[in-house]
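Work through the exercises below with the model open beside you. Try each task before reading its solution.

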Amino acid sequence: MHARHEFVRAFEDMQAVVHAINREKGFWLDRENIVAACSTVDEDLIEPAERQVAIATLGLMGSEVSEAIEAARKHPPESWGTTTEKDTLVREMAGATVRAMDMAGANNWRLGEAIVEELLHNLQRPFLHGKKA
């Protein structure tokens, strides 16, 4: 139980740092302005605006995953885990993770806790989650 709490605390501390950096660098300005502008026109537009902001933010995560796929396709496997060079497989995976942390931070979601819960759920599932290979 101690390791779980340590992971969640450390992850959520880093999540807050990630979001603060992205907010400081202006990455949330347009997103927040879209929702704010819609709220001044019609309260019923807030939810659709928030939905579109979420979809756009998820799209940024998807682009990082696409870049990871491209890195796997273009570069030799021995370079995939290199952390000090840009555009490596592991750096693109990190980019996707940072985007997820940022979105969770913007919404005050406990992503670290959700990761632990997902892992615990998967521990209870059968081999290959009951699917054929």
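## Exercise 1: E70

Task: Decide whether E70 is buried, partly exposed or exposed.

Solution. E70 has a relative accessibility of 29%, so E70 counts as partly exposed. The cut-offs are under 20% relative accessible area for buried, over 50% for exposed, and partly exposed in between (1.4 Å probe, protein chains only). Next, place the residue: E70 lies in helix α3. Helices (H or I, at least four residues) and strands (E, at least two) are DSSP runs, numbered from the N terminus. Finally, take a distance. The C-alpha atoms of E70 and M93 are separated by 11 Å, with the two positions 23 residues apart along the chain counted as their separation.

This is a predicted model: local features need pLDDT of at least 70, side-chain atom pairs count only at pLDDT 80 or more, and totals for chains, interfaces and linings use all residues. Residues are numbered from 1 along each chain as its sequence is written, and side-chain values use heavy atoms, with hydrogens and water left out.

## Exercise 2: T88

Task: Locate T88 and list what T88 touches.

Solution. Start with the position: T88 sits in the loop between α3 (46–74) and α4 (89–106). Its relative accessibility is 6%, so T88 counts as buried. Now list the contacts (heavy atoms within 4.5 Å). Leaving out residues up to four places away in sequence, T88 touches A71, S79, W80 and T82. One of these partners also appears in a shorter description: the T88 side chain reaches the backbone oxygen of T82 at 2.6 Å.

## Exercise 3: Helix α4

Task: Check the span of α4 against its residue count, then find its packing partners.

Solution. The expected span is 1.5 Å times one less than the number of residues. For the 18 residues of α4 this gives 26 Å, and the end C-alpha atoms are 26 Å apart, which agrees. Buried residues of α4 include L89, E92, M101 and M103. The buried residues of α4 pack against α1 (2–24), α2 (29–41), α3 and α5 (111–123). Just after α4, N108 takes a positive phi of about 55 degrees.

## Exercise 4: The whole chain

Task: Describe the fold pattern and judge how spread out the chain is.

Solution. Count first: five helices and zero strands. The radius of gyration is 18 Å, well over the 14 Å that the globule rule gives for 133 residues, so the chain is more spread out than a compact globule. The radius is taken over C-alpha atoms; the rule is 2.2 Å times the number of residues to the power 0.38. Along the sequence, the pattern reads α-α-α-α-α. Buried residues make up 25% of the 133 residues.

How values were computed: Polar contact = N/O pair within 3.5 Å; in protein donor to acceptor, adjacent residues only side chain to side chain.
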